[in-house]
Amino acid sequence: MEFTESQLANIVGEVMAKLNLSGGTSGMHGVFADMNTAIEKAKEAQKIIRVMSMDQREKIIAKIRVKIKENAEDFARMGVEETGMGNVGDKILKHLLVAEKTPGTEDITTVAWSGDRGLTLVEMGPFGVIGAITPCTNPSETVLCNTMGMLAGGNTVVFNPHPQAIRTSIYAVNLLNEASLEAGGPDNICCTVEKPTLETSAVMMKHPDIPLLVATGGPGVVTAVLSSGKRGIGAGAGNPPALVDETADIRKAAEDIVNGCTFDNNLPCIAEKEIVAVDSICDELMHYMTEEQGCYLASPEIQDRLVHTVMDEKGRLNRNCVGRSAKTLLAMVGVDVPDSIRCITFEGSKEHPLIAEELMMPILGVVRAKNFEEAVETAVWLEHGNRHSAHIHSKNVDRITAYARAVDTAILVKNGPSYAALGFGGEGFPTFTIASRTGEGLTSAATFTKRRRCTMSDSLCIR
Ligand code: NAD
């Protein structure tokens, strides 16, 4: 779905007017001028959530699902308009996925042992008020999905969103609180500040009422949270390689990889960022990519121009290129292509800057490896030890196993597009917080709880 700039501006204007956002954030549920107040309000709300039945929590979550579905298109348009990143059609799908498949209270389970000496339970209890920092790449998706999981676990949450996505994040915070109120819950189940900064983030990280921090973003924020002295869940950067060997269905591999790479203009951290192909099928793979999957084959000169456009001399990304379409990126380097072009490809070494760096753009460099073993070594190097995501197209289970062990990532998709790992065309639940650095993997309600042991001595066993 494509919109002109003026169409988008009109739609966003309408939504902003509806929200009274143009004149500030007054009247928005859960939005406060300073971080200390936001935390205090979330603490008051948590006291109410804490004593609610699981059934009541689930009613709020059900209402949230309905409202996300009703507002999926507004969220998508607003996110694209505010950040300039991604595309409306895919962002609608991401919101529907969050609404339909994010786990609720069913994720909260109990382990029990009973025997001659009584009964012991291990239950999942809330932390209290969680502090969460969210990215501009999936702004509302992360705020919505995090809140649903945290609430299911009995928590409330305070967000310090990316400043570039604050309007979209505030829209999500307001909607979540409206859903809670409509379902008979408290206001302020999630809170934020009007103007998030590094200072408001520091207040949150040091605040005595925040026992758990959740960081979704690049290496800087994850390191900051893990250095805070508090428990931290770190969902950091990736650079997922897609390995293709000679046993794969090469035509399908080309289709899956380009579909995964171009979804929301490559914004998801799990999306294919480069390909490593064994020599014997490399030309065939690139043939299908360029002839059937809308890939533009970039010459060395165009690659050079792209390097100088998408990053500076120190390798820092140009934010105006992140999440842009292949057509837009090519226009920036003076190449006009038809709308059918959805990805840029070329063959290069693993050290090529458009291959080695996590770009979050639909640019898929291909590294040729002489055999499977070399391909694994190259893919592991390209993943840079993030332990985040990697993908493989192969029919040989021994090789898939060897690759999985070597790359050691939170996510590994076999013979499908990367988004299958989020339950989109694959089994399982979605999340936009994949705790790669700290090892929780795909986060859900259970991740946001602490284990509490409750023991009854010498009674309650009726075996
Ligand atoms: P970013 O790191 O620039 O910002 C993320 C958030 O952290 C923002 O709210 C930002 O304001 C804040 N932040 C940055 N540095 C900070 C610091 N030192 N202290 C406190 N807060 C700080 O990332 P982005 O551009 O918004 O998102 C893209 C990055 O996030 C990519 O690297 C991507 O792989 C990663 N990401 C990871 C996941 C995951 O689940 N693992 C999900 C989405 C994005």
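## Ligand contacts

An oxygen atom of the ligand sits 2.6 Å from a polar backbone atom of Ile434. This is a predicted model. Another backbone partner is Thr134: one of its polar backbone atoms is 2.7 Å from a ligand oxygen atom. A side chain takes part too. In His388, a side-chain N or O atom lies 3.1 Å from a nitrogen atom of the ligand. Taken alone, the ligand exposes 830 Å², and the protein buries 85% of that.

## The shell around the ligand

How many residues surround the ligand? The count is 31. The closest are Thr134, Gly218, Gly236, Glu358 and Ile434. Thr134 and Ile434 thus appear both in that list and in the backbone contacts, Thr134 at 2.7 Å and Ile434 at 2.6 Å.

By class, the shell holds 15 nonpolar residues, 14 polar residues and two charged ones. Two helices each supply at least two shell residues: H7, residues 198-206, and H8, residues 219-226. Two domains contribute as well. Domain 1 (5-236 + 441-454) and domain 2 (241-427) each give the shell at least three residues.

## Helix H4

Helix H4 runs over residues 88-101. Does its length fit its residue count, or depart from it? At 1.5 Å a residue, its 14 residues should span 20 Å. The end C-alpha atoms are 20 Å apart, so the two values agree.

H4 is mostly covered, with ten of its 14 residues buried. The buried residues include the charged side chains Asp90, Lys91 and Lys94. Val88, Gly89, Ile92, His95, Leu97, Val98 and Ala99 are buried as well.

The loop before H4, between helix H3 (54-83) and H4, contains Gly84. Gly84 counts as partly exposed because its relative accessibility is 28%, between the 20% and 50% cut-offs. Its C-alpha atom is 32 Å from that of Ser228, a residue 144 positions away along the chain.

## Two buried asparagines

Asn265 lies in the loop between helix H9 (250-262) and strand E10 (274-278). Is Asn265 buried or exposed? Its relative accessibility is 9%, so Asn265 counts as buried. The side chain of Asn265 makes a polar contact of 3.2 Å with the side chain of Asn87.

Asn160 belongs to strand E5, residues 156-160. Asn160 is buried because its relative accessible area is 5%, under the 20% cut-off. What does its side chain approach? A polar atom of the Asn160 side chain lies 3.3 Å from the backbone oxygen of Thr197.

## Buried residues and their distances in sequence

Ala254 is in helix H9. With a relative accessible area of 1%, Ala254 is buried. Leu285 is 31 residues away from Ala254 in sequence, yet their C-alpha atoms are 6.0 Å apart in space.

Gly441 lies in strand E17, residues 441-442. Its relative accessible area is 10%, so Gly441 is buried. Gly441 and Thr409 are separated by 32 residues in sequence and by 8.9 Å in space, C-alpha to C-alpha.

## Positive phi angles

Most residues other than glycine have a negative phi. Which way does Asp408 go, positive or negative? Asp408 has a positive phi of about 55 degrees, although it is not a glycine. Asp408 sits in the loop between helix H15 (397-407) and strand E15 (411-414). At 44% relative accessibility, Asp408 counts as partly exposed.

Asp458 is another residue other than glycine with a positive phi, near 60 degrees. Asp458 is found in the segment after strand E18 (449-457). Its relative accessible area is 46%, so Asp458 is partly exposed.

Notes:
Residues numbered from 1 in each chain as written. Predicted model: local features only at pLDDT ≥ 70, side-chain atom pairs only at ≥ 80, totals over all residues. Heavy atoms only, no water. Near = heavy atom within 4 Å. Polar contact = N/O pair within 3.5 Å; in protein donor to acceptor, adjacent residues only side chain to side chain. Areas by Shrake-Rupley, 256 points an atom, 1.4 Å probe, with all protein chains shown as cover. Helix = DSSP H or I, 4+ residues; strand = E, 2+ residues; numbered from the N terminus. Domains from an automatic or database assignment. Expected span 1.5 Å × (residues − 1). Buried < 20%, exposed > 50% of the residue type's maximum accessible area, 1.4 Å probe, protein only.
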